[in-house]
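Trainee: Before we discuss this chain, could you show me the structure, so that I can ask about its inner spaces, its helices and its aromatic rings in turn?
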Amino acid sequence: MSIVTVQLGQCGNQIGFEVFDALFSDSHCPQGLCSKRENEAYQASCKERFFSEEENGVPIARAVLVDMEPKVINQTLSKAAHSGRWKYGQHSCFCQKQGSGNNWAYGYSVHGPRHEESIMNLIQKEVEKCDSLNGFFIIMSMAGGTGSGLGAFVTQNLQDQYSNSLKMNQIIWPYGTGEVIVQNYNSILTLSHLYQSSDALLVHENDAVHKICAKLMNIKQISFRDINQVLAHQLGSVFQPTYSGEGSFHYRRNPLGDLMENLVPHPEFKMLGVRNIPQMSENSLAYSTFTWAGLLKHLRQMLISNAKMEEGIDWQVRPPLSGLPTRGKMSLNKEFHFNTSIANLVILRGKDVHSAELGAFKDPALYTSWLEPVHAFSVWKTQRAFSKYEKSAALVSNSQFLVKPLDTIVGKAWNMFASKAYIHQYTKFGIEEEDFLDSFTLLEQVIASYCNLGF
């Protein structure tokens with residue numbers, strides 16, 4: 001089954017390119033550490049998901065590119081074409097001459113309705129090329145105008161027109177010290193609208209990815225491309241093929257459906273985060289060896305202490321004793337000591353993968369009381385190594401990891417709203433104060449629901 005990717009705005013298009021490039025590079029990597037037959041099955045499964053039939057021997061990404069300014073789309077098309085390995089379709093782009101000026105309302109209320117027909121036609125053409133549509137993967141930022149405002153509008157339209165297909169939005173959470181003065185407004189409007197039209201929000205925080213580039217990849221002057229490549233690696237580690245079940249050597253056909261089924265048991269809880277281990281530069285990798293026991297011990301502690309990478313993990317954090325409320329869960333003002341989960345999916349790739357012991361992830365103390373670990377924890381595996389790592393693990397988690405960042409953004413937006421700062425920039429394009437209040441109400445409810453997981 002195929003996934004149609006919709007790349008929105010500057011951020012969505014730049015990340016989208018890196019994702020397709022990472023998927024292609026990995027599936028054509030000669031060091032897959034598996035048999036030739038297995039490698040061919042893996043390649044075929046990746047291609048069916050993300051690339052359509054070849055044109056002159058070059059696979060075409062199953063993607064639609066949308067931006068309100070031509071510069072980034074032109075660069076993206078050109079980079080893909082010049083790689084000579086894969087490319088975007090000739091008629092898969094929509095761009096205009098005027099951007100959204102970092103104004104969510106302009107993207108949502110002006111660009112959206114004005115260009116709705118053209119954009120939805122492009123998406124429909126891409127869908128028609130799929131033998132079987134698995135769903136949509138929508139890549140966008142929350143802080144600007146086009147990715148966030150137009151992204152929310154397009155997601156809503158996809159929900160209306162393809163209500164039976166799954167929609168997962170990959171959202172880039174802005175830097176805490178962002179350069180866009182209204183980024184908190186744009187963020188709350190994006191999140192509240194997506195919460196009503198998307199099936200799951202896969203969130204990456206810019207600050208966390210920046211730290212990975214600095215501390216784990218040892219990059220001295222970090223560019224957006226460096227950040228996007230880390231993001232692409234993390235997304236590839238989730239979406240590349242895995243076996244459909246224990247002991248099976250067939251690759252799963254329904255990746256989005258399986259992800260949702262494993263991780264989103266209730267529509268109130270749809271925020272997902274990704275953690276990967278190992279992540280390191282080529283130089284460090286040459287001197288490193290890994291065991292599944294070591295990787296999974298670190299990954300579990302990253303989960304329960306809410307660490308985004310393996311460096312600087314707080315090893316003092318322990319699961320609470322069953323039946324006792326967790327210290328620090330009582331209010332948001334206290335530090336969250338322990339990160340309670342609704343559901344977790346561990347994805348293992350590489351050598352001796354069937355020997356990996358995952359019992360520690362099945363501890364009921366890790367999960368909310370209303371879901372048994374047998375329903376809350378899943379594992380996907382393949383012996384095919386991913387990227388340059390002989391053994392690697394990814395954790396996709398639906399947990400309290402975003403409570404603090406979300407509460408911070410809502411708080412900052414509320415402080416601006418209370419003094420009516422910049423509201424006129426939104427009301428002149430049809431987003432009223434009532435719309436802001438609805439967004440605050442919905443997100444306060446999301447925060448409260450995630451906070452209450454530990455009880």
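Mentor: Please keep in mind that this is a predicted model, and begin with the enclosed spaces.

Trainee: How many cavities of 30 Å³ or more does the structure hold, and what is the volume of the largest cavity?
Mentor: The structure holds two cavities of 30 Å³ or more. The second largest cavity has a volume of about 50 Å³, whereas the volume of the largest cavity is about 120 Å³.

Trainee: Which elements each supply at least two residues of the lining of the largest cavity?
Mentor: The residues that line the largest cavity include Val-203, His-204, Glu-205, Ala-208, Val-209, Ile-212, Gly-273 and Val-274. By class, its lining has six nonpolar, three polar and two charged residues. The elements that each supply at least two residues of this lining are strand E9 (200–205), helix H7 (206–216) and strand E10 (271–277).

Trainee: Which element gives the most to the lining of the second largest cavity?
Mentor: The lining of the second largest cavity, with eight nonpolar, two polar and no charged residues, includes Phe-401, Leu-402, Val-446, Ile-447 and Tyr-450. Helix H13 (403–418) and helix H15 (433–451) each supply at least two residues of that lining. The element that gives the most, with three residues, is H15.

Trainee: Tyr-450 is one of those lining residues; what kind of aromatic pair do the rings of Phe-269 and Tyr-450 form?
Mentor: A search of the whole structure finds 26 aromatic pairs, and this is one of them. The ring centres of Phe-269 and Tyr-450 are 5.0 Å apart and their planes stand at 90 degrees, over the 60 degrees that the class requires, so the pair is edge-to-face.

Trainee: How many residues apart in sequence are the parts that this pair ties together?
Mentor: Both partners are buried, because the relative accessibility of Phe-269 is 7% and that of Tyr-450 is 3%, each under the 20% cut-off. Phe-269 lies in the loop between helix H9 (255–263) and E10, and Tyr-450 lies in helix H15, so the parts tied together are apart in sequence by 181 residues.

Trainee: Where does the largest share of the lining of the second largest pocket come from?
Mentor: About 710 Å³ of space lies in the second largest pocket, and of its 30 lining residues Gln-10, Cys-11, Asn-102, Ser-141 and Gly-144 lie nearest its centre. Two or more lining residues come from each of helix H1 (9–27), helix H3 (70–83), helix H5 (146–161) and helix H8 (224–239). The largest share, five residues, comes from H1.

Trainee: Is H1 largely enclosed by the rest of the structure or largely open, and how many of its residues are buried?
Mentor: H1 reaches 27 Å from its first C-alpha to its last, close to the 27 Å expected at 1.5 Å a residue. Asp-21 has its place in this helix and is buried, with a relative accessible area of 15%. H1 is largely enclosed by the rest of the structure, because the number of its 19 residues that are buried is 14.

Trainee: How do the end C-alpha atoms of helix H2 (residues 36–50) agree with the expected span, and what arc do its buried residues cover?
Mentor: The 15 residues of H2 should span 21 Å at 1.5 Å a residue, and its end C-alpha atoms are 21 Å apart, which agrees. The buried residues of H2 are Glu-38, Asn-39, Tyr-42, Ser-45, Cys-46, Arg-49 and Phe-50. They are on the same side of H2, because around the axis they cover an arc of only 125 degrees.

Trainee: Which residues are exposed on the other side of H2?
Mentor: The buried residues of H2 include Tyr-42 and Phe-50. On the other side of H2, the exposed residues are Lys-36 and Arg-37.

Trainee: Turning to the backbone, which residues are joined by a cis peptide bond?
Mentor: The proline of this bond lies in the loop between E10 and helix H10 (282–285). The omega angle is about -10 degrees, and the residues joined are Ile-277 and Pro-278.

Trainee: Is Asp-352, which has a positive phi although it is not a glycine, buried or partly exposed?
Mentor: Asp-352 lies in the loop between strand E11 (341–350) and helix H12 (373–376), and its phi is about 55 degrees. At 47% relative accessibility, Asp-352 counts as partly exposed.

Terms used: Residues are numbered from 1 along each chain as its sequence is written. This is a predicted model: local features need pLDDT of at least 70, side-chain atom pairs count only at pLDDT 80 or more; totals for chains, interfaces and linings use all residues. Side-chain values use heavy atoms; hydrogens and water are left out. On a 1 Å grid over the protein atoms alone, a cavity is a set of points where a 1.4 Å probe fits but cannot get out, and a pocket is an open set with protein on both sides within 12 Å along at least five of seven lines; lining residues have an atom within 4 Å of a point. Grid points are joined across faces, edges and corners, and a volume is the space filled by probe spheres set on the points. Helices (H or I, at least four residues) and strands (E, at least two) are DSSP runs, numbered from the N terminus. Ala, Val, Leu, Ile, Met, Phe, Trp, Tyr, Cys and Pro count as nonpolar, Asp, Glu, Lys and Arg as charged, and the others, Gly among them, as polar. The expected span of a helix is 1.5 Å times one less than its number of residues. Buried means under 20% relative accessible area, exposed over 50%, partly exposed in between (1.4 Å probe, protein chains only). The arc is that of the directions from the helix axis to the C-beta atoms. Rings of Phe, Tyr and Trp (its six-membered ring) pair if their centres lie within 6.5 Å; planes under 30 degrees apart count as stacked, over 60 as edge-to-face and the rest as tilted.
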